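Trainee: I would like a close look at a single helix in this chain and at what surrounds it. Please take it slowly and give the cut-offs as you go.

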Amino acid sequence: MVSEERTRVLDPERDTAALKALTHPLRIRLLGLLRLEGPATASELAVRTGESSASTSYHLRVLAKYGFVAEAEHRDGRERRWRAMHELTSWSNEAMEASDVSRAFVSASRSAQLTHLEQTLARYVEDMAAGRLGPEWVEPSGISDLVLQLTPESLTELRAEIGRKAGELAARDTEDPRARQVVLLYAGLPLAAQGTGTGTGTGTGTGQGGADAEGAR
């Protein structure tokens with residue numbers, strides 16, 4: 001698991017302005033890029049996002065104002081570099097139900113996660129086709145869409161166990177030269193029964209891969 005000092009925990013009462021700032025889709029993307037790829041300048045991020053450097057520079061300053069990013073060590077004196085202040089943003093879903101602002105933030109974050117999944121899948125396909133990833137990655141990679149019958153308590157336990165195990169394996173592999181950055185997204189979304197159905201299906205799903213997970217920025 002990511003350590004507490006590397007996690008930004010958002011509170012809907014204390015962080016209203018920060019939540020508004022982070023709801024902007026480009027700011028979410030910029031923060032994600034800095035977390036995934038390391039420090040960068042506004043110009044470098046402009047190339048990666050297809051935005052102007054003036055736009056990325058402005059949005060980086062907004063992120064800095066609310067403590068999401070900060071200036072990094074400069075390679076030279078010409079342009080400032082930015083780094084992410086945390087590896088993860090976390091919050092309580094229950095607490096985020098308190099206001100329109102916090103609910104909008106959660107919605108924007110989840111939309112960004114879906115976009116991230118699509119972009120990651122496209123990049124994975126390209127990397128495999130170009131030989132940038134070896135054949136040993138074919139079997140363990142994939143997406144699953146299991147459907148399970150769970151209580152709220154069991155879903156909470158499952159999410160916690162996935163997070164615990166993911167952290168354990170990442171710590172074990174941190175010095176292994178074969179390790180690669182793996183994007184792990186998992187969703188636990190309960191559905192109410194529709195029509196006359198009982199909601200007790202066995203959940204065969206259509207996923208063919210072996211990697212089910214919920215992603216968190």
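Mentor: What follows is a description of helix H3, its cover, its salt bridge and the core to which it contributes.

This is a predicted model, in which local features need pLDDT of at least 70, side-chain atom pairs count only at pLDDT 80 or more, and totals for chains, interfaces and linings use all residues. Residues are numbered from 1 along each chain as its sequence is written, and side-chain values use heavy atoms, with hydrogens and water left out.

First, the setting. The protein chain has 6 helices and 5 strands; helices (H or I, at least four residues) and strands (E, at least two) are DSSP runs, numbered from the N terminus. Along the sequence they follow the pattern β-α-α-β-α-α-β-β-β-α-α. The chain has 217 residues, and 26% of them count as buried, where buried means under 20% relative accessible area, exposed over 50%, and partly exposed in between (1.4 Å probe, protein chains only).

Helix H3 covers residues 42–49, and its buried residues are Ala-42, Leu-45, Ala-46 and Thr-49. Seen down the axis of H3, these buried residues fall within an arc of 110 degrees, so they line one face of the helix. The arc is that of the directions from the helix axis to the C-beta atoms. As background, an α-helix has 3.6 residues a turn, so residues three or four places apart point the same way.

What covers that face? The cover of the buried residues of H3 includes helix H2 (25–37), strand S2 (40–41), helix H4 (53–65) and strand S4 (81–84). Just after H3, Gly-50 takes a positive phi of about 75 degrees.

H3 also takes part in a salt bridge, that is, a side-chain nitrogen of Lys or Arg within 4 Å of a carboxyl oxygen of Asp or Glu. Arg-48 pairs with Glu-37, and their closest N and O atoms are 2.8 Å apart. The pair links distant parts of the chain, with Arg-48 in helix H3 and Glu-37 in helix H2, 11 residues apart. Arg-48 is partly exposed at a relative accessible area of 33%, and Glu-37 is partly exposed at 41%. By this rule the count comes to 13 salt bridges. One of the others joins Arg-164 to Glu-161, with the closest N and O atoms 2.6 Å apart; both residues lie in helix H6 (residues 152–173), 3 residues apart, about one turn of the helix.

Now the core. A nonpolar core is a set of buried Ala, Val, Leu, Ile, Met, Phe, Trp, Tyr and Cys residues joined through side-chain atoms within 4.5 Å. The largest one has 24 residues, and Leu-34 and Phe-68 have the most contacts inside it. H3 is among the elements that give two or more residues to this core, along with helix H1 (16–22), H2, H4, S4 and helix H5 (100–130). The largest share, 6 residues, comes from H2.

Leu-34 shows how H3 is tied in. Contact means heavy atoms within 4.5 Å. Leaving aside neighbours within four places in sequence, Leu-34 is in contact with Pro-39, Ala-40, Leu-45, Leu-60, Val-69, Trp-82, Arg-83 and Ala-84. Of these, Leu-45 is one of the buried residues of H3.
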